[in-house]
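The following note sets out a few points on the model for your consideration. Please read them alongside the display.

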Amino acid sequence: MIVMIKKLLTKNEFFVALVIIGLCLLIGSINPVFFTVGNLFDLVRNSVVMGIFSLGVLIVIISGGIDVSFTAVAAFSMFVTAKILVPFNYQGSILLPFAMSATIGILLGLLNAVFISRFKLPTMIVTLGTQSVIRGFMLAFIGAMEITNLPPAMIAFSRSALVTVQQGRFKYGLHSSIIILAVLALLVWFILRKTMLGRGIYALGGDQAAAERAGFNVRAIQFFIYAFVGFLAGVGGIVHSSLVRTARPFDLVGSELSVIAAVVLGGARITGGRGSVIGALLGVVLIVIMNTSLILLGVSSFWQRVVLGLLILAGTGIPAYQAKRRAKAA
């Protein structure tokens, strides 16, 4: 039991969970509205898209890279999907929009993979470049255009709920998109923990040269990583567009930092080789609670960036300090 407790105390996920619990108790004690069913369901709803993005960012960071293009890929994928389907008055199921957006995302992800794998360019530079290209293209050819008459399937999806609860005059629902996040999280967990591909991703983040010597096909792994990130971005884009019931080309701009911060706060090492699905999702919960609930405390939204920066410093500084202590002890 003592060994298990000691092991638990070394895990970053444990401390993130404690911070989440403490923050919830603090907010709830100041403003009881926080613990109402409606607010909790809203928190879950607000976590889904960031949670989907965090799974892709997690894989990239574990492999030793940084991707900042996923929001641009998501916005482009969902807008192009809506732009294609709306003129045809699409009346089918939600599966086609998801499939189309995911396919576009995969193609854009493969573009990143080509530059990273074949030309050996830094991931940060490549994804920053593709982000600029995609957004510049949308600015030049789309501008401020938005699509509000989405296909009926996307509108129906936006209204779907697993559970509905009547609270006073209002009815609140647990949005069904949480199932998509749960399925994708299980898929990513399985890939990372139960497959040779997952071991290769961790090995790539630890030392690329050592991974090659160990027999891992580094190029194939990199192609999978960025194609899969594109797939997740495409899925996340459709979920976002459905939830807000409109397709805007510049939605999600600037949210990259929050997603990366969530993954790092969840225990992923920014230099690669370490990270977990549960940690990334806990980081997302922490960021969403901070972003949506500080207002309940009467804290100005301008201070959210300050708090986010402090959390990033704490999330990266504490693990670094612990690693330094372990190295000294050894």
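1. The bend at a residue is the angle between axes fitted to the seven residues ending there and the seven starting there. By that criterion, α3 bends by about 35° at Val48; helices (H or I, at least four residues) and strands (E, at least two) are DSSP runs numbered from the N terminus.

2. This is a predicted model, in which local features need pLDDT of at least 70, side-chain atom pairs count only at pLDDT 80 or more, and totals for chains, interfaces and linings use all residues. Residues are numbered from 1 along each chain as its sequence is written, and side-chain values use heavy atoms, with hydrogens and water left out.

3. Helix α3 is largely enclosed by the rest of the structure, because 20 of its 26 residues are buried (under 20% relative accessible area, 1.4 Å probe, protein chains only). Just after α3, Gly64 takes a positive phi of about 95°.

4. The largest pocket (an open set of points on a 1 Å grid over the protein atoms alone, with protein on both sides within 12 Å along at least five of seven lines; lining residues have an atom within 4 Å of a point) is lined by 16 residues. Asn46, Val49, Met50, His240 and Leu252 lie nearest its centre. The elements giving two or more residues to this lining are α3 (37-62), α11 (218-244) and α13 (277-293), and the largest share, 6 residues, comes from α3.

5. Strands β1 (161-167) and β2 (170-175) pair in the antiparallel sense over 6 bridges (pairing requires at least two DSSP bridges). Thr164 has Gly173 in β2 as its bridge partner. The hairpin has 2 residues between the strands, and Gly168 takes a positive phi near 65°.

Key: 1 Å grid on protein atoms, 1.4 Å probe; cavity = no way out; pocket = protein on both sides within 12 Å on 5 of 7 lines; lining within 4 Å. Buried < 20%, exposed > 50% of the residue type's maximum accessible area, 1.4 Å probe, protein only.
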